[in-house]
Amino acid sequence: MTSTRARGSGLRELTRRTVRAQIAERAVQMFIAQGFEETTVEQIASEVGMSARSVFRYFDTKEDMVVGSMQEAGARLAAALDARPEGEDAWHALRGALSVLLAGISEDREGMLARARMFASTPSLRAARQHKHAQWRELLVPGMLARIHDGPEETRRLRASAIVTVQLGCLDVSITHWLDAGGEGSLDDVLDVAIAAVRG
């Protein structure tokens, strides 16, 4: 009985994630085509064959339709950090984990350019993205803390948080620089330059 209930719950969650992804994909296409502020939830709902009320069962806000996937990306990043070699230091481990995200960004250059223009013109989206990055920090600090062994725990936690904050900041700056250059060249190389600059 318990096993049947668990399978049913897992299927419902899978279905929910699939529907969320479909709504988000269509919403982003519409935001890019006609503007974020100009696109209404009612229009999105019509496109996906739902009512606006049903759409709000999957997303609290329009902003979440754009940045909601960042939560899953943060979980993938944390998993990639945990999978790095055991003896690797904190700086190199996080940088290696970030390559997982960079690969997806580089493969969708045109999509990223379109999204970048949308973020540049929509303050509420930039604020939502910063909120998601704060959640990333919460996910990443425990994995970083496990790689910093010297000093009291309070100091180690501070160092872990600082390294995560700096590298995520470098990631933002690097993506902006790469997109401003039309997505040309290696995003990995740009990030390495940014990280080297702050490390000295």
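# A guided tour of the pockets and helices

Begin by selecting Met 70, Ile 105, Met 112, Arg 115 and Ile 175, which lie nearest the centre of the largest pocket among the 29 residues that line this pocket. The model on the screen is predicted. The space in the largest pocket comes to about 870 Å³. Next, colour the helices that contribute to its wall: helix H1 (2-34), H4, H5, H6, helix H7 (109-120), H8 and helix H9 (153-180) each supply at least two residues of the lining. Colouring the lining of the largest pocket by class gives 17 nonpolar, 5 polar and 7 charged residues.

## The second largest pocket

Now select Arg 20, Ala 21, Ala 24, Glu 25 and Ser 69. These are the closest to the centre of the second largest pocket, out of the 13 residues that line this pocket. Its space amounts to about 270 Å³. Which helix gives the most to the lining of the second largest pocket? That helix is H1, with 6 residues. At least two residues of the lining come from each of H1, H4 and H5. By class, the lining of the second largest pocket has 6 nonpolar, 2 polar and 5 charged residues.

## The whole chain

Zoom out and display the full protein chain as a cartoon. The secondary structure consists of 10 helices and 0 strands, and the pattern read along the sequence is α-α-α-α-α-α-α-α-α-α. Along its principal axes, the C-alpha trace spans about 55 × 55 × 30 Å. The protein chain has 200 residues, of which 40% count as buried. Among the contacts with a separation of 6 or more, 66% are between residues 24 or more positions apart.

## Helix H5

Select residues 69-82, the 14 residues of helix H5. At 1.5 Å a residue, H5 should span 20 Å, and its end C-alpha atoms are 20 Å apart, which agrees. Within H5, highlight the buried residues Met 70, Ala 73, Gly 74, Leu 77, Ala 78, Ala 80 and Leu 81. These residues are on the same side of H5, because they cover an arc of only 160° around the axis. To see what covers the buried residues of H5, add helix H4 (62-67), helix H6 (90-107) and helix H8 (123-145), which are among the covering elements.

## Asp 64 in helix H4

Move to Asp 64, which lies in helix H4. Is Asp 64 buried or exposed? With a relative accessible area of 17%, Asp 64 is buried, since buried means under 20%. Show the side chains around this residue: leaving out residues up to four places away in sequence, Asp 64 touches Arg 20, Phe 59 and Lys 132.

## Gly 10 in helix H1

Turn to helix H1 and select Gly 10, which has its place there. Gly 10 counts as partly exposed, at 41% relative accessibility. Draw a distance from the C-alpha of Gly 10 to the C-alpha of Arg 20: the two residues are 10 residues apart in sequence and 15 Å apart in space.

## Helix H9 and the turn after it

Select H9 next. This helix has 28 residues and reaches 40 Å from its first C-alpha to its last, close to the 40 Å expected at 1.5 Å a residue. Its buried residues are Arg 156, Ala 160, Ile 163, Val 164, Gln 167, Leu 168, Cys 170, Leu 171, Ser 174, Ile 175, Trp 178 and Leu 179. Which helices do the buried residues of H9 pack against? Display H6, H7, H8 and helix H10 (187-199) to see these partners. Just after H9, pause at Gly 182, which takes a positive phi of about 80°.

## Arg 147 in the loop

The last stop is Arg 147, found in the loop between H8 and H9. Arg 147 is buried, its relative accessible area being 13%. Not counting residues up to four places away in sequence, Arg 147 touches Leu 81, Asp 82, Arg 84, Pro 85, Glu 86, Glu 88, Asp 89, Ala 90 and Ala 93. For a final distance, join the C-alpha of Arg 147 to the C-alpha of Val 67: these residues are 80 residues apart in sequence and 29 Å apart in space.

How values were computed. Residues numbered from 1 in each chain as written. Predicted model: local features only at pLDDT ≥ 70, side-chain atom pairs only at ≥ 80, totals over all residues. Heavy atoms only, no water. Helix = DSSP H or I, 4+ residues; strand = E, 2+ residues; numbered from the N terminus. Expected span 1.5 Å × (residues − 1). Buried < 20%, exposed > 50% of the residue type's maximum accessible area, 1.4 Å probe, protein only. Arc of directions from axis to C-beta. Contact = heavy atoms within 4.5 Å. 1 Å grid on protein atoms, 1.4 Å probe; cavity = no way out; pocket = protein on both sides within 12 Å on 5 of 7 lines; lining within 4 Å. Points joined across faces, edges and corners; volume = space filled by probe spheres on them. Nonpolar A, V, L, I, M, F, W, Y, C, P; charged D, E, K, R; others polar.
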